[in-house]
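Here's a structure worth walking through with the viewer open. Keep the sequence handy too, and follow along one piece at a time.

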Amino acid sequence: MTDKRILLLLLAAFLLVPALADAMSGREIFEKMHEVRLRMLNQKTEATMVLYDRGGGKRIRTLTQYSKNAAPEAYKVLLIFNSPADLKNVGFLAHARTFSDRSLWAYFPEFKRIRRIPTSAQDDSFFGSDFSYDDFSGPPNLDDYAFKVLREETVDDRPCYVVEVSPKIPRKYSKYITWVVKNLWITAKVEFYREKELYRLGAFRDIRLVDGLPTPFTLEMQNVKSGHRTVVTVNKVSYRTSFPDELFTQRALERGGR
Amino acid sequence: MKKLWLAAVVLFCWASGSYAEDFLNVSGKLHLRGVVPLHSESVMEYPSLLGQLKVDTKPSPLRFHMWLEGGWDGSVTLPVEDHSTLKFGDRVYQSTTPFLEFKELYGSYSTDWLEVRAGIQRFAWGRLDEYPVNDLLNPWDYSQFLRKPLEDRKIGVPSLSTRLSHDTWSLDAVWVPVFIPYRLPLSTERWSPLNQMVSRFNNLPVNFLTSDADIPSRNLASGAGGLRLSKTGVVDWSVNLFHGYDPRPVLKATRLIIAPVAGQVAVEPGAVADFHKMSSFGLDAAFVKGPWSLRAEAAYAVGRYFNTNLERWGYPAVPAFGVYPLAPNEHKSDSLDYGIGADYRVFEDCLLTMQAQQTVILDRPDSLYQQKFETIFWANLRNGFLNQRIITNLNAAYNPEHGGVMARGNVSYVLSDYWKVGVTAVGFWGPEQSLFGRYKTNDQVEVDLVFSW
C-alpha cells in the first residue's frame, strides 16, 4: 500500500468517525437522557399548573416539587400543592428503591390519611391534570423499554432525534415517540399511543440552562381525545440541592413538606 | 374567661390578615347548606352558614397552626341556656348557634428526628375509613352523625404529642391530660339516637328535657394516652396502644319522668351519657398488591361497655304521668374489632373503595341488641368527569346482622377555583335500633354551596 493510499484511508476514517458517532442507538440516546435526569434529581421546583378544558374554562394550581438522588435507593420525590384551597397541602410521595421498583403515597388533608397508590396507577391522571404520576417521578428503568431511532427532525429550531419507545412491561400506553434535543438530552416533544391511536401529546418549551442543566420552563400536555390540556409553567427551579431524608417521609407529606 | 378567648380569636384573625403575606399562610371556607327532609315526621333543619379559617406560620422549627370553625348551625332547634358561643370540650350537649370551635390550635417544635406539639389536636391513627378501630384519641361529635365525614366528627383534644423518627421508623406518644366527652344531639334534634323513643310522644305537646351527663372530674386520673410505633416500607405497619375513656357513646338508664308542666307534658327520658375507661391494643398495616391498595387493622379492647336492647330498659309501652325507674342497661365485655379495606382504580378518574369490618363482643349476654359478631360492609365509587370539574360519589353501607342499609349519592360541580356546588341524597333502612335503621326518618337531600380561598 502506498503512502498516498494510507493517507486517503486515514482521511476517510477521520471523516467517518463523527458520522458513526452521530448514529447513536435509541438506547444510547436514553442513557444520555438518564444521565441528565439523574443530575436534575437534586432539585426544588415551584410551578403553576393550569388546566384548560375544551370550552376554554381553566383551573389554576400551584405546587412545589422536591426530589433527591437517593443512592443506594434510586430517588425520592415529594410534591405538594399550595393552591387552590381544596388542594392545599395535598401531596404525593415516591420512593424508588430501584428505577423499576417504587412505592407511591398520596396524602389528603381533609381525611388526615395517607393512602398507598399502586404502581399500576402510575400512568393515571395526576390529580385531574393531563400529566400522569409517572411524569412527576424520576427517570425510568431503561431495561424495561425497547428503543428505536426513527429519524431526525427539528423542533423549535433545535435538532432532535425521534425515538420510538415501547414498554416491555404492562403500561397503559403501547408506545411513545419522543423528540430528544441533540446535545441537551432532554425531551422537546412526546406523543403517547394506545395501540396505534394517539391519545396524549406533550410539548416542552422555553428551554433554559440552569446551573448548566437544560430545563424546559413550559411543559404542556394535551389529551387528544377530550381536548383537555394542562400547562405547567416553572416559576423557580434550584438544582444541586441537598435536602435531608426527613423531607421525603410520610411525616413531611402530612405536614405539606414542612 | 370565655369573652377573653373570643377577643383573642377576633384579634388573631385580624392579625392573620395583616401579616399573612410575610409570616402566615391563611386559608378558609364559607359553606352554605340547606337540607330537605324526605319524611314528613322527621325533625326539620334550618339552612346553615358555616365558616372555617386555617392559619399556619411559614415553615420553621417553631410552628403555629389554627383551625377555627364557626357560624350558624341550622340543625340546632332549641336555644340552650348557659352554653357559650365558643364550644369547649366540657359538655355532652353543646347544641348552640351561632358557635365557634377550635378544631385544632397548637404550637410545635421540630428537628430532623423529633417533633413536639402542644395544644388542641386531632389524630388519625389506624388505616380504615369510617370506623378506624385504633383511632381512639379523639371523641366524636354525634350531633350530625353519618352526615358528617369522619374527620369532621372528631373533636380536638388538648394534648401533648411527640414523634421520634429514625430512618423508616417512628414512635408517636400522645398524652391527653384533660378529659373531653363525646358530643350528642339533644333528644329533639334531627340526629338524636333517641328519636324512636321520642316518636312515641309525637301526638302530644311534649317538652323533652335533657340532663347533662355526670362528666368525670378533670384531673390527671381522667386523662388518656396512646403510643404508636410505625414502620414504612413495602408494607407500612403500626402497633398501637391506648388507655383512656371509651370515645364511643353508651347511655346509662336512670329513671323516666313524665310530668305536666305549664300546660305541656315534660319528659325526661332518663338516658344519660356514661363514660368508662378502657384499654386497647391494636395493629394496622397498608400495602399494595397488583392494582389493589390494601389496608387492614385490628384492635383488642379491654373493658368496653355496651347498651342492652332498648326493649329491656323499662320504658312503658303506653306513656302516662309518673316516674319510672329504668333497668340497668349496660354490659361490660372485652371486644375485638378488625377490618380490611381495598382501593381499586376501575378506570382513570374512577376509584372503587371497599371495606369490611367486624366487631366481636367476646362476652355477649342475650340482653344485648348487638349480636356477637356485628359486620359492616362499605363501598364507595368516586368518579371524576371533565378533569374533575364534576365529581360523583356513590356510597353504600350494609349491616347484615340486622339488615340495616345506608345509601348515599353525591354530585359536586366545581364552578371555579373558589366556588363549588353540590347535591347529596341519603337514605336509611333497617330495624329501629340498628346502626342505620335508627335514622330511617332522616332520609334527606342536602344542597351545598362552598366558597374557599
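What follows is a short tour, beginning with chain A and then crossing over to chain B.

Keep in mind that this is a predicted model. Start with the overall dimensions of chain A: along its principal axes, the C-alpha trace spans about 85 × 45 × 35 Å. Its secondary structure adds up to three helices and 13 strands. Of the 258 residues in chain A, 33% count as buried. If you look at its contacts with a separation of 6 or more, 45% of them link residues that sit 24 or more positions apart.

Now for the inside. The largest nonpolar core has 48 residues, and the ones with the most contacts inside it are L78(A), L79(A), L93(A), W105(A), V180(A) and L253(A). Strand β3 of chain A, residues 75-83, gives this core its largest share, five residues. Click on L78(A) to get a feel for it: leaving out residues up to four places away in sequence, L78(A) touches Y66(A), G91(A), L93(A), L247(A), F248(A), A252(A), L253(A) and G257(A). There's also a second, separate core of 20 residues, which includes L137(B), I155(B), V157(B) and I180(B). As a general point, nonpolar side chains in soluble globular proteins tend to be buried together.

For another spot in chain A, try V149(A), which lies in strand β7 of chain A, residues 145-155. Is V149(A) buried or exposed? It falls in between: V149(A) counts as partly exposed because 17 other C-beta atoms lie within 10 Å, while a buried residue would need 20 or more. Setting aside neighbours within four places in sequence, V149(A) is in contact with S25(A), G26(A), Y161(A) and V163(A). G202(A), by comparison, is 53 residues from V149(A) in sequence and 19 Å from it in space, C-alpha to C-alpha.

Next, see where the two chains meet. The contact takes 31 residues from chain B and 28 residues from chain A. On the chain B side, β1 (24-37), β6 (157-166), β15 (277-289), β16 (292-307) and β18 (330-347) each supply at least two residues. The largest share of that side, three residues, comes from β15(B). Sorted by class, the side of chain B that touches chain A has nine nonpolar, 10 polar and 12 charged residues.

Stay with β6(B) and follow the chain onward. β6(B) and β7(B) form a hairpin with two residues between them, and D167(B) in the turn has a positive phi of about 55°. The two strands run antiparallel and are joined by seven bridges, with S161(B) standing opposite V174(B). β7(B) also pairs in the antiparallel sense with strand β9 of chain B, residues 224-231, over eight bridges; here D172(B) stands opposite R228(B).

In a regular strand the side chains alternate between the two faces of the sheet. You can see that along β7(B): S170(B), D172(B), V174(B) and V176(B) point to one face and are buried, while W169(B), L171(B), A173(B) and W175(B) point to the other and are not.

Last stop: an open sheet of four strands in chain B, in the order β8-β13-β12-β17, with mixed pairing. β8 (206-208) and β17 (322-325) of chain B stand at the edges with a single partner strand each, so one side of each has no neighbour in the sheet. From one strand to the next, the twist averages 20°. Four bridges join β12(B), residues 255-261, to β17(B), and these two run antiparallel. Within that pairing, I258(B) has G322(B) as its bridge partner.

Methods:
Residues are numbered from 1 along each chain as its sequence is written. Chains are lettered from A and ligands numbered from 1 in the order in which they are written. This is a predicted model: local features need pLDDT of at least 70, side-chain atom pairs count only at pLDDT 80 or more; totals for chains, interfaces and linings use all residues. Two strands pair if DSSP finds at least two bridges between them. Axes are lines fitted to C-alpha atoms, for helices over the stretch in contact, and angles run from 0 to 180 degrees between N-to-C directions. A residue is buried if 20 or more other C-beta atoms lie within 10 Å of its own, exposed if 12 or fewer, and partly exposed in between; C-beta atoms are placed from the backbone. Two residues are in contact if their C-beta atoms, placed from the backbone, lie within 7 Å. A nonpolar core is a set of buried Ala, Val, Leu, Ile, Met, Phe, Trp, Tyr and Cys residues joined through C-beta atoms within 7 Å. Ala, Val, Leu, Ile, Met, Phe, Trp, Tyr, Cys and Pro count as nonpolar, Asp, Glu, Lys and Arg as charged, and the others, Gly among them, as polar.
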